[in-house]
Structure formats: C-alpha cells, structure tokens
Amino acid sequence: MAALFGRLAIGATWILATLLSHAVARDPFTNFTVHPDAADATTVPKYSPLRPPAIPLAVRTPYTSAWSTTSQDGTLSNQNPIFWFGQGLGWQGIVVVDGNSFEYMGRSINDFPELSYFNTTVPLEVKFDSQFSNFTFLAGPVIITASFFSPVTPKDICRSSIPLSYLTTTVQSSDGKPHHVQFYSDVNAQWIGFGSEYDVIKELHTGPSSNGTGPGNLTDSPMSWILRPRYPVPFAENTQIPRWGNFSYTTSPKGAEGFSFQSGSATSVRFGFINNRVLNNDAGSVIRGFGNQEPVYAFAHDMGTVLETSVRYTIGSIQSPNVRYLHKGGLSDLAPWWEKCYGGMHDMISFHYYDFDTVAQLGNEFESQLRADVNTFFQGGEPPVYGNRTPVAFNNNSTYSTLDILNGTDQYGQQYEFDPDSGYGYLGPGNATGIAVPFVSEADSYYAIVALSARQVMGAYVFAVPPGATGDAVEPLMFQKEISSNGNMNTVDVLYPASPFFLYANPALLKYIFQPLYELQEGGFYPNSYSTHDIGAHFPLATGHVEGTDEYMPVENSGNSILMSYAYYKFTGDTAWLTSHYAILKQFAQYLIDYSLVPEAQLSTDDFAGELANQTNLAIKGIVGLQAMSAVARVVGNAEDAAAFATKATDYYEQWEGFAIDPSGRHTLLAYQWRSSWGLLYNVYFDKLLNMGLVRPELYDMQSAWYAGVSQTFGVPLDNRHHYTKSDWEIWTAATCSRATRRLFVNAVAYWLNETVTNLPFADLHEVVGAGDYPLAIDHFSARPVVGGHFALLALGKTGQLAGATGGDTTGSLFPKNGTEHLPVPERPYTDPSYAGPSFRQRAVRKQQQQQQMPAWQKKKKGSGSTSTGA
C-alpha cells in the first residue's frame, strides 16, 4: 500500500505544476524542502520551504487568527485548526469524488463508525510563502489543494483593514478522466467562543451578485453564515475570543450544478451529507441527533462531472466598533477603517469576496518584491555552493547520516564537527567556535523566516477611524494587540522589535500606530515625563494610564520612541510630523540624559527575565537615542538642542564603553561590572541602520566574534542567565555581525523552526537546547507581532546596506554618516480610489448602547436578503 501511495504521489506531480499561480503559493526556495518516505506518505507531507510549528490559515487580525499545527506529525487532514491561543476551531472540509467522501480538513471521521465511502486523504505537500499556505492531498483519482490566502498588502490600507481571509479548494483529476465532484464545508461557534446553540444567534445572508442585481440569482450571489453572541459584551474577551461582533463564513453557488446549506448538530449534518451528498436547506433551529452535538453551519456544492473545479470561501471575525479610545474629546467607540472604505458589514463581505483576483495580484507583487529584495541583499555576499557533495536538507525528524553528523566541510570550505548528544550545535574544529548549520543557504533560511513572519505581523493589528473624522483626508489609527504575552495595546517595546517590518514594507504604518500613543501623552492623559509603556492594559480598550501606573520601562520606551520616530522620518522625509511631536520627544530625551547612562534597576523589553540594575544593552539604547535626538533637533531647525544632545551622546558613549566592556576586551557585559555576564547587544542595530556613527566599528567586531563562542544548537542565548533566546533579537543582532556570525544566527532560527517540538504559531521566545521547547515558567509566546524584527536585514537593504557591509561597516548606505538626509524616494501608502466605499458617516458614540433599537444586521437592505434565527 505504501508503494502504491508513492506511485500515485509521483503520478500527481504534473498536476501540481498546473495550478494557477495567483491561487497558490509561489515556488519557494528549496533547501529546506522535506520529502516524506513512501512509508510515511499517509501521514507526513512534504514541507516547503521548511516545517514550522504551525502553518497560517486565516490570519488577519487578533480575532481572525487560525492555524494548522504540525506538532507530532499533525496536518490539516488529521486535526482541527487552532486559534493562536491553542484552542481548537471548527472548520471542516470534505470532497466527494464519484460518491466517495474524502476529508481534507478536520477530523470528523473519528466521530463515525467505519464507512467504506468515507476516507481520509493522503497528505502530499505543504507550501507557504508570505501570502498563501497550500495543502495538497491525494484523494482516490483526484488531487485536492486547499489554498489559504491572507493578503499582506501593507501599502493598501483599505484592504489591510479587512478582517477576512480566503480559502480556495481545488480538485483536479489525476488519471485524466472526469469525475463527479462535490464540496462540503462547515464551521462551528467556537470562532465566537461558544459550543452551545443557545449562546448563538445566526443569520443566513444572501448578498448581491457580482453585477449588483441582488439576491434573486443564486448562481452568483454570495451567501454568508453570520454568527454572533446572544448576549454580547462589547470590548470583552473570553479565552482571547471576542464576546461581541460577528463571525462570517461566505461562499457562492456560482459554477455549481447544485448548492445547499444547513445548520444543525455536527455529527447529524455531516453524516447526512456523507450519506445523501446534499444538505436540506434548513437554516432554522438545530435538529438533535447522535454524536457531536455542537452546532455547525454548512455549505455544499455539487459541481457535476469535471476534470477540474474549485470553490472559494471567505472567513473572519468582524467587530464594529472595534476599539474603545480615550482622547481629548472623551471616550469614543471607533468604527473600523473598512467601514470608511466599503460601507456596512455585508458590503465589505461582498467586496472582499469578489476582490480575490485583484488582491491576489497585489499580494503576489509583495511576494515578488520580497523575494527580489532577499536576493538583492545576499547577492555577492555568499561564496558559491560547492558541488562536491549532496547538500544536507533540513528534515522534520532531524536525522542525518553518521558521516554528515560527525564531521565534514560545508559549502564555504569551513570544517565542522557535530555531536548529536550535545547542545552545542555545529562547531569548528580546534577552537570550538559555533558555525552555521551546513549545506543550507543563508538566503534560503532568511526567506523562509520572513515569509512565515509576514502574516503574523499584520495579524496583530486593526485599523480604526479617528474620533470626529470627516472627509477624505483623514488618516487611520492603528492599534496593536500584544498577543500571547499580556494583551496590552500599542506596547512601545513590542512595536520597537516589530519596527523593521514597517520600515521595510510601509513606514506610514508606524505613524498610524504612534498617533494614539502621542495623542495620549500630548493630550495630558499621562502624568510621567518618560514614555508610556502602552495605551491600554488590554486590547481593545485604549483607555490609557491616567494614573501613570503602567509597566515601568522608562529608559526602554523613551529610547524606543525617539529611535522609531527618527527612523520614520529617515524612511519618509516627513519633517512636519517630526516637528509636530518635537516637544514630547525632547521631554523623553531629557529623561534619557538623567537616567540612561546608569539606568539603575529597571525592566527592559525582556521583562520576563526580571529587573536588573545597570543593564549594558538598555543603557546603549538610551545613548543611541540621544544621538538620534540630536539629529531630530537638526531636522526641525533647533541647532542649540542638537549640539547639546550630540555632546551628551558622545560623552555618555565613551563612559559606557568603560562600564560595559569586560576587562578581557572580548565582549560587553550584561550588566556593568558583572564579569561573568554577557548578552545579545541588539540595541546597536539602529546606529547601523541609520548610519549614526556613534558606536565604534571595533565594538561590532568584538561582539560578533563573541557570539560564535557561546552559541548552542538552536542559536545564541539571550544572555548568560538562561538557555532561551528571542528570534527577533537574534536577527537584529545578526544584522550587526560578520558574515559568518550572521549566517550562524539566521540558519539557527530556521533550523529551530524546522525542528522544534512547539505547537503554536511562530514563538519568538524558545529554548536553544534540547528540543527547542518553550521556556519553563514563562507563558508561551506565540503569534506575536515582534516577528517583524525578522525583517531587520531587509530594512538594512532598503538603506543600501547589503550582505557585504558587515558589522560596523555601512558601505552602500544611502544615509550619510550622522546626516539627517532621508531616503531619496519617500514611501507613500497605496490607495486605489476606484474601490472607495460610500461617504463615511460618523458613528454616534456610547449613546446608542442605551437605546433599544433593532441592530443594523437585522434590517434587510435593498438588494440583499437574510434569515435570522436562534441557533
């Protein structure tokens, strides 16, 4: 049987190559590709470009965040999708071929007795890029491809604000013969945090057709299951799931010979479809049956006898209003930005459904540029791969042949030794210096890391209309959830590690995120002289800290705010914005003058490690921040301030070196005068990125040599106190190192992704020894936006610094040393006016909550129809 599966998989190769380029992931870099043995073909797919702990499915906002874990050989067809927090989500997918059912998503087959006509699929391949995740399965005589598309279009703010994602399921004949094909898919109420029909109100909504003719033509009109809590609690969460708003699952009958729908108890609805191959078009109350009693909401398409066919779905959690916001005018409930662009919820759902081809083109433009920029950065920065042996590819059980494990010579001519029973990783012989995982291209490793990170970054944010906004000139406010750590809003020390993504992809997004932060502090809602930590203790309540008792990171966040504000200017040339916030930045700078050189006992952004007095890395952040502030003063025309800040920065840096460098001259200390200490000195990154010229090149070289001497299997520890690291800070640090050390960092992150036993979305905090697990006694970090820090090399590349400009070398930089010039071609957000929605009408705030009105979603609109019932 295994041999048969292997032959079928090979025979299907030509079909996989014919999939439309706009509907599936681009061909990835291949060094990490994992090919299953024939004996494993029923359970283990081939992963490309590597096997991460979780694959993004629908990742658009903190509430639309569905993933497929790969832990313990898990894949889409043998388990349910998960929310980023780890709990299961009901999302089922079945394809019927000539009367035989094949499950490609979920595990409902476990709820039934053995049925000869209900089968599992054979997973063949999982591919991802920055936009798509594609799962390919063998199902009898056909190939099934489930293509999940969460667009990353950071220059298109309207489309970026849409909280919905796509699934396109395609069936293609593998034997050259036509087959009768039917599709089934359902969702459950766990998407809104409930497992009982009594907690849910549902609506089956029929939208307008693509030509705007209304709901009469069911061959074209999208249909949506709309779910919402029966007893909503605005702006509240339960296990990170929103307790208000709506959930939407949408498809269209277009192209189907038969289309049906049904809600009911899970096992009854699914069993009925598998036996009858049609649903009963009952959108009313749940019909009790056997087995799993949770309510599900299903669609079925009968596509007739075909060689190839597909069905598209859209899915997501929708909140309106989406943020509660404290500002000078009071406390406002903000409308989501997509309302300004597209109108009401159903208008947005319809626009999104029909927008697939256009947004797929935009997504592929981002992906193409990402690949081109990765290749440009590394061009000429790596020697050619030697051809005298077969490259060793990463695999998903970390098994190498004995000869490859113990010793060898890598593609760069570097000899290495590897002991699988130690935690040291790959070492150079003799001096035991750590070297990069051999026979894996650094460019391939880096592409895999940033491709996986892109959706995760954007999936932590929502866009909202500012209070009182009118007209077309208004700009959005952007709100960040500190996912999985504590849920704070617009946390400055989370935005700081994420900032390279925004500088690379669209610097204007930094302005939209900073606007609420500065409005809060400039509006008199924060009493301290240093930067606030965040604008709200828990998303989506941006109610500030008027008492000033937010998490105490004054040097950390004052330095962060100055550095990111100056970087925004350098990448955009927006002098007016910098000038408008000069007073608050100068206030933060004064705090740095008072406290950054000797920061005493404070938390840094790595607060999980606890307070530590006189942290070397924290101090250099403040000092580089003062250097940046000198430049800010020059930009706004304040020469006196500029000279004063420059003098302080230079003086402090000279003193800092005396405090910070170990007497041996081999490395900086974690904390002043603690001789046995060391840590990643990632806060010198902005000095190099912006070519501020404060940090001596020799210090970069010293640190680079040191890191290679303290590396472990899965990277370099964050500091000497623990054997865990943070991937964002590893890539920031890599950007400041020599080629060999940078390659060590980059390949280690990719190697960890491929080998870790963790089971949640990309965890930026993990062990560097053992199985690369989560650290003990710390909440699991997953799905956090700090993975934007992985774009640190691409942000460098955008300034003209490529792979050959290592350490303190800034050759190629478009920024003159310590100059204030900005990039020659300032970035501007992309806007397509042809997709503008109706004129925005300001939302009435809070008063509506006291009125007993029929909710807008219950009102039938002209050109649409709906049925609303209790579940």
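# Cavities, aromatic pairs and a buried aspartate

Helix H15, which spans residues 616-636, contributes the largest share of the lining of the largest cavity, namely 3 residues. The model described here is a predicted one, and the structure holds 9 cavities of 30 Å³ or more. The points below take up the two leading cavities, then the aromatic pairs, and finally some contacts of charged side chains.

**The largest cavity**

- The volume of the largest cavity comes to about 180 Å³, and its lining is made up of 20 residues.
- Lying nearest the centre of this largest cavity are Asp606, Gln615, Asn617, Leu670 and Tyr682.
- Sorted by class, the lining of the largest cavity comprises 8 nonpolar residues, 8 polar residues and 4 charged residues.

**The second largest cavity**

- The second largest cavity encloses about 140 Å³ of space, and 17 residues line it.
- Thr61, Ser161, Pro163, Asn322 and Val462 are the lining residues that lie nearest the centre of the second largest cavity.
- Two strands, E20 (308-318) and E26 (461-464), each provide at least two residues of the lining of the second largest cavity, and the largest share, 3 residues, comes from E26.
- The lining of the second largest cavity divides into 10 nonpolar residues, 6 polar residues and 1 charged residue.

**Aromatic pairs and a cluster**

- The count of aromatic pairs in the model comes to 62.
- In the pair formed by tryptophan 91 and tyrosine 249, the ring centres are 6.3 Å apart and the planes stand at 90°, so the arrangement is edge-to-face.
- Because tryptophan 91 belongs to strand E5 (residues 91-97) and tyrosine 249 to strand E17 (residues 246-251), this pair ties together parts that are 158 residues apart in sequence.
- Tryptophan 91 and tyrosine 249 are both buried.
- The pair of tyrosine 416 and phenylalanine 439 has ring centres 6.4 Å apart and planes at 75°, so this pair is edge-to-face.
- Distant parts of the chain are linked by the pair of tyrosine 416 and phenylalanine 439, 23 residues apart: tyrosine 416 lies in strand E24 (residues 415-418), while phenylalanine 439 lies in the loop between strand E25 (426-427) and helix H9 (442-458).
- Tyrosine 416 has a relative accessibility of 1% and therefore counts as buried, and phenylalanine 439, with a relative accessibility of 6%, counts as buried.
- One aromatic cluster is formed by Trp91, Phe135, Phe148, Trp191, Trp225, Phe247, Tyr249, Phe259, Phe261, Tyr297, Phe299 and Tyr313, so that cluster includes tryptophan 91 and tyrosine 249, whose rings form an edge-to-face pair.

**Charged side chains**

- Aspartate 333 is placed in strand E22, which covers residues 330-334.
- Aspartate 333 counts as buried because its relative accessibility is 4%, which is under the 20% cut-off used for that term.
- A polar contact at 2.8 Å joins the side chain of aspartate 333 to the side chain of arginine 324.
- Arginine 312 lies over the face of phenylalanine 356, at a distance of 3.6 Å from the ring centre.
- Lysine 570 is placed over the face of phenylalanine 815, at 4.1 Å from the ring centre.

Key: Residues numbered from 1 in each chain as written. Predicted model: local features only at pLDDT ≥ 70, side-chain atom pairs only at ≥ 80, totals over all residues. Heavy atoms only, no water. 1 Å grid on protein atoms, 1.4 Å probe; cavity = no way out; pocket = protein on both sides within 12 Å on 5 of 7 lines; lining within 4 Å. Points joined across faces, edges and corners; volume = space filled by probe spheres on them. Helix = DSSP H or I, 4+ residues; strand = E, 2+ residues; numbered from the N terminus. Nonpolar A, V, L, I, M, F, W, Y, C, P; charged D, E, K, R; others polar. Buried < 20%, exposed > 50% of the residue type's maximum accessible area, 1.4 Å probe, protein only. Polar contact = N/O pair within 3.5 Å; in protein donor to acceptor, adjacent residues only side chain to side chain. Phe/Tyr/Trp six-rings, centres within 6.5 Å; stacked < 30°, edge-to-face > 60°. Lys NZ or Arg CZ within 6 Å of the ring centre and 35° of its normal.
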